[in-house]
Amino acid sequence: MFVSRENEIARLRDLLDRAVRGNGQVCFITGEGGSGKTSLTREFALRAQASHESLLIATGNCNAQTGIGDPYLPFRELLGLLTGNVDARSRQEVVNSENAGRIGRFLSVSKRVITDLGPDLADILVPGAGIATKVGKLVASDSGLLKRVGLQPEAAVSGPANPLEGPTEQARVFEQYTAVLKAIAQERPLVLILDDLQWIDQSSASLLFHLARRVEGSPILILASYRSEDVALGRGGQRHPLAPVLTELKREFGDVTIALDDALGAEAREFVDALLDSEPNRLGDSFRQSLVRRTRGHPLFTTELLRAMRERGDLVTDPQGIWVEAPGLDWALLPARVEGAIEERVRRLPEGLQYLLAVASVEGEVFTAEVLARLLKQEVRVVIRVLTQDLDRQHGLVREEGRERVGASRLSRFRFRHNFFQEYLYGSLGDSEREVLHEDVADTLQAMHEGHLDEIAVQLGRHYEMAHAHERAARFYLQAARRAMAVFAYGDAASLASRAVDVLGSLPGDDAAQGIALQATLLQGHAQRLSGHWDLSMQTFRAAAERAARAGNAEALAEAALGYEHPRYRYNLPVKVSLELLERALGALPPSDSPLRVRVLAGLARASGAAESSSRAATMSEEAIAMARRLNDPQALVEALEMGILLDRSPAEIPKRLGAVDEMVDLARRVGDKRLLLDMLELRYMHRLAVGCLPADGFIEEHERLAAELRDPFYLYTTASIRVCDEFMAGHFAAAERLAQEAFEVGTRFQIGSADGIFGIHMFTIRRMQGRLREIAPLVRHFLRDRGHGSAWQPGLALILAEVGDRDGAREQFEIMAADGFRSIPRDALWQTCLAYLAEVCVELGDVARAEQLYGMLAPFAELNVLVGVDFHLGAAGRYLGRLAGVVGDWPRAEAHFDFALRQDAQSNARPWLAHTQYQFGRALLAQADGAGHVRARGLIDSARRAAEEMGMTGLAESARAHGDSGRTVD
């Protein structure tokens, strides 16, 4: 029975009207348990389908017992309903016969849409295998479907088709799922109902967020319900996965919630009156006020209390059949909480029905009649009759959920009408009884799902855990974690693997159990890294290494060591632990050739190089390359070659290395590993940037697409950072600043260690071009205090002081760095940057002795650009060398360097640096030449002025005007 809630129904009707007109909507219904969330959505759905003849309604439920670790559970149910699983759920109160008929008549279209737009959804988000086979004949008969729904296949995926596309990544799955629903909605408006989101899994929360942000412009209403108190409490000591989704959607769309708890007090009397007056009665104001005070208008409690009062004889009917109070009604004797009302109701059942329901409660809120029959040793048909006739129709405690076939088994699903009933009945069992029943349920489910255990691995893990069958529980949690990895639900995979390890934590050192724990720990580390939690993954891989060492498992030790080294290298972290783990792994592996030994050698070479053991690193790199070539293993070879290139940082070899890097990109494409390909693409980009050979092969677009598909934090950050260089080199400083800020936000969100340093250099360079260096001097001083001497901030501060005219301050900073012959400047990714800054300060100070020294350090880069990391540069090194040569009075060398720098900056399309080279070369020519030399000098300075004015480089423009007009020189 549905009463009251007309205000909420009216608001939902308004949202539906907007959605049907093509303005997609999202709404969350919140409230405590029993507040009427499900009743409200059910009533709205029934009224909606009555008022909109073409409307389709699909539902998905989260599960209290297993849903938290079962990836995409509500979305699998929802899409399964839209693609043919109608009859199995046609007895549900929302998916009634009318709606089931509409979906059934639409199946030919919905299946075609999925085959065309969601080919990767089969077996990930569409229940049952072989959907493409089932509908292949339909597709063949209607190749114009996509044109009719206004979509093309490319709209479903992020980027063009690519032979690299092996396993589908989560981002691609999300895009396809969204495209499928939007295409279906163009034919039939959709209402998508998601219930009990307090038990949502992490991957479903991510998919919900993705979908909710993309329904605008489509006739789709997403209606989701959850218990607000459960979400507020979080999960496992962490923020609830739904909480950030709600925060972001509220920020983007405003108020998207209907809070039923808020209405309990304000509308309690209205609800009680409506409920009582649904039948003839003479219950007066005093009775009604007492009922409101007792229940606060809580729908479930109010309904159960009235039922109890009738069954106890506190409410009776008079001779006319009208409900009245019985004499001597004592409110003090009635239950004070909803749990008490439920207890009274269950206790009035015959003992046999109580036990049947208690056994059913062990399986969960949704249970299987066939499992129950086997546990009770009764005929299935007898159990089903008791459930449908007695417990559904007569007592209203359960409802039929649907039917399905799994292999040779037919399974009849039932659901408790409220999880409070299931919780009470489960709590009525003793500990020993529950333990035995959980194992019986697990054994029975396993037998009935033979050949399909992946689909219920989470359930089996839970039941065996509750039965204290720890090793069996861990095996199924590990199986569920592997399945989650296969469908790119990395967060859920990490959680499930952790459960497997935790279950085994108290067991003695049984070899089989410890083997499971080791496998689960390794999988957890990989899942954490892939979901962006690289810091947690390093802790997990270190724990895995210890497990592997105790077990004497060399391969697992190597995998753990490499897992630890990957983020260590990515985020430039301390190398000590990596070295220890990789040394132990190398010593444990057999000395014979193997791809794993190649990877460990390459990793150890990289770590040794970071620890400045360059000769040892080179030896191991050469050994790894030779071994990979003997094995003819492309993945091993590309990783070994990468180490060789990273270790051989000789600037003179960069042009030669370009050919090798091209080979490595081709090898990575052959392997089909997206992360490896991204690494190789970045390596090639860095080399091309160094020689001024800009990529014209869609590098940025391919990098962005692959990073988005992987959702790996490092690559997402790199993509954002790479775009800064393009805009800066074009002289678009405002756009470059915006992109630098965006890259910094991405890096900060994902804890990229170098993000603040790169952002500082981006902003330093942009402000310098704009003539605004004075603004950031305090910021540089702050970073210098934070990072200490020897960082890039100290040369940066010296350059700022020199450019704003504080020669004494610049000299003081310069002398600190020059005191040890500049040896304190670390030879890391910012070493070239520091040399370039110091060269400019040295020129401003006119320090001849240090100019010779810096010239020698910078000379190996003479024909290259000065790189900042892997994705930015400071123009041709020739300009800095030309200025240094001018200070020491070697004009021929200076002129040669400047001439090369002009060509290099032009070839690199580096407009700001070209303007600086033109201006500084022009000034040097004015000081050295006359006649034709002066003409060339004024032409260079004039070109620099025009470019500077166009790009907004105010300081350079003013200096160029002054020197161009006067023909004088300062240097």
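**Sheets and helix pairs in a predicted model**

Let's start with one contact: Gln-354, Leu-357, Ala-358, Ser-361 and Val-362 in helix 16 meet Gln-422, Leu-425 and Tyr-426 in helix 19. Contact here means heavy atoms within 4.5 Å. Helices (H or I, at least four residues) and strands (E, at least two) are DSSP runs, numbered from the N terminus.

Two notes on the source. This is a predicted model, where local features need pLDDT of at least 70, side-chain atom pairs count only at pLDDT 80 or more, and totals for chains, interfaces and linings use all residues. Residues are numbered from 1 along each chain as its sequence is written, and side-chain values use heavy atoms, with hydrogens and water left out.

Back to that contact. Its residues divide into five nonpolar, three polar and no charged. For those classes, Ala, Val, Leu, Ile, Met, Phe, Trp, Tyr, Cys and Pro count as nonpolar, Asp, Glu, Lys and Arg as charged, and the others, Gly among them, as polar. How do the axes of helix 16 and helix 19 cross? Helix 16 covers residues 351-363, helix 19 covers residues 419-427, and their axes come within 8 Å and cross at roughly 100°. Axes are lines fitted to C-alpha atoms, for helices over the stretch in contact, and angles run from 0 to 180 degrees between N-to-C directions. Helix 16 and helix 19 are therefore roughly perpendicular to each other. Angles of 65 to 115 degrees count as roughly perpendicular, under 35 as roughly parallel, over 145 as roughly antiparallel, and the rest as oblique.

Now a second pair. Helix 31 (residues 654-671) and helix 32 (residues 674-691) have axes that come within 9 Å and cross at roughly 160°. That makes helix 31 roughly antiparallel to helix 32. The contact residues here divide into 15 nonpolar, one polar and five charged.

On to the sheets. Strands of a sheet pair through backbone hydrogen bonds, either parallel or antiparallel. Two strands pair if DSSP finds at least two bridges between them.

One open sheet has five strands, in the order 2-3-4-1-5, with parallel pairing. Which strands stand at the edges? Strand 2 (56-61) and strand 5 (257-259) do, each with a single partner strand, so one side of each has no neighbour in the sheet. From one strand to the next, the twist averages 15°. Strand 3 (residues 190-195) and strand 4 (residues 220-226) run parallel, joined by five bridges. Leu-192 stands opposite Ile-222 in strand 4. Helix 1 (residues 6-20) packs on this sheet, touching strand 1 (25-30), strand 3, strand 4 and strand 5. Helix 2 (residues 37-51) also packs on the sheet, and touches strand 1, strand 2, strand 3 and strand 4.

Another open sheet has three strands, in the order 8-10-9, and its pairing is antiparallel. Here the twist averages 30° from one strand to the next. Eight bridges join strand 9 to strand 10 (residues 409-416). Glu-400 has Phe-414 in strand 10 as its bridge partner. Helix 17 (residues 369-376) packs on the sheet and touches strand 8 and strand 10.

Last, charges. Side chains of opposite charge can pair when their charged atoms come close. How many salt bridges does a search of the whole structure find? It finds 55. A salt bridge is a side-chain nitrogen of Lys or Arg within 4 Å of a carboxyl oxygen of Asp or Glu. Take Arg-288 and Asp-273, whose side chains meet in a salt bridge at 2.9 Å, N to O. Arg-288 sits in helix 13 (residues 285-295) and Asp-273 in helix 12 (residues 268-276), 15 residues apart.
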